[in-house]
Amino acid sequence: MDDLADVSGSMIRNTETTTSSLSSSSSVYTNYPLISALIAFAMAQFIKFFTSWYKERRWDPKQLIGSGGMPSSHSATVTALVVAVGFHDGVGGSLFATASILACVVMHDAFGVRLHAGRQAEVLNQIVYELPAEHPLAESRPLRELLGHTPTQVIAGALLGLVTALIGRLIVGSS
């Protein structure tokens, strides 16, 4: 008997059946939502490398792994995840709801808290720069200023994530 009814009347799946079906049908290499999110992240970081060169006319390898800049890799990642989960598991389940809330929190944080923390770092760095040489903080290392994103950078990241998940769906759907 594969299914057993508990006292409350809900069904409990036999663990042997569940374990065998999970191990045979799932693999991290075929996890469409995960692959979509990772590709969106990598593409955003790669694009950021070139957009920083266009803006500053110098190559900055830190852009390949750093935060801040155009487009937002965090937004690209979570948007690709949400869209891929929606395609893969549907939009009516708790997994889609969880991914959606995560995406909202990450994107709000990117252009809210982190953007303002970066702006505060700019002001603090300027204050420290203007301190007299004998001040104990005059030689302190500058704070990172590029922490967050403008709303445009967040939207660009979200669009990149959307397109990445859609292309991934076309590829997965055709195979």
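A helix here is a DSSP run of H or I with at least four residues, and helices are numbered from the N terminus. The model used in these exercises is predicted.

**Exercise 1. Classify Gly-168 as buried or exposed, and state where Gly-168 lies.**

Step 1. Place the residue: Gly-168 lies in helix α6.
Step 2. Take the cut-off: buried means under 20% relative accessible area.
Step 3. Compare: the relative accessibility of Gly-168 is 16%, so Gly-168 counts as buried.
Step 4. Add a distance: Gly-168 and Ile-39 are 129 residues apart in sequence, and their C-alpha atoms are 9.4 Å apart in space.

**Exercise 2. Classify Ile-155 as buried or exposed, and find which nonpolar patch includes Ile-155.**

Step 1. Place the residue: Ile-155 is found in helix α6.
Step 2. Take the cut-off: exposed means over 50% relative accessible area.
Step 3. Compare: Ile-155 has a relative accessible area of 51%, so Ile-155 is exposed.
Step 4. Find the patch: Ile-155 joins Phe-87, Leu-159, Leu-162 and Leu-166 in a nonpolar surface patch of about 420 Å².
Step 5. Find the main contributor: helix α6, residues 151–174, gives the most to this patch, with four residues.

**Exercise 3. Describe how helix α3 packs with helix α4.**

Step 1. Identify the helices: α3 covers residues 73–89 and α4 covers residues 94–111.
Step 2. Read the geometry: their axes come within 9 Å and cross at roughly 165°.
Step 3. Take the cut-off: angles over 145 degrees count as roughly antiparallel.
Step 4. Conclude: α3 and α4 are therefore roughly antiparallel to each other.
Step 5. Give the handedness: α3 passes α4 in a left-handed crossing.

**Exercise 4. Describe how helix α2 packs with helix α3.**

Step 1. Read the geometry: α2, residues 32–56, packs with α3 at an angle of about 155°, and the two axes are 8 Å apart.
Step 2. Conclude, with the cut-off of 145 degrees: this angle makes α2 roughly antiparallel to α3.
Step 3. Give the handedness: the crossing of α2 and α3 is right-handed.

**Exercise 5. State how many helices and strands the chain has, and in what pattern.**

Step 1. Count the elements: there are six helices and two strands.
Step 2. Read along the sequence: the pattern is β-β-α-α-α-α-α-α.
Step 3. Add the burial: the chain has 175 residues, of which 30% count as buried.

Methods: Residues are numbered from 1 along each chain as its sequence is written. This is a predicted model: local features need pLDDT of at least 70, side-chain atom pairs count only at pLDDT 80 or more; totals for chains, interfaces and linings use all residues. Side-chain values use heavy atoms; hydrogens and water are left out. Buried means under 20% relative accessible area, exposed over 50%, partly exposed in between (1.4 Å probe, protein chains only). Axes are lines fitted to C-alpha atoms, for helices over the stretch in contact, and angles run from 0 to 180 degrees between N-to-C directions. Angles under 35 degrees count as roughly parallel, over 145 as roughly antiparallel, 65 to 115 as roughly perpendicular and the rest as oblique. A crossing is left-handed if the near helix is turned anticlockwise from the far one by less than a right angle, and right-handed if clockwise.
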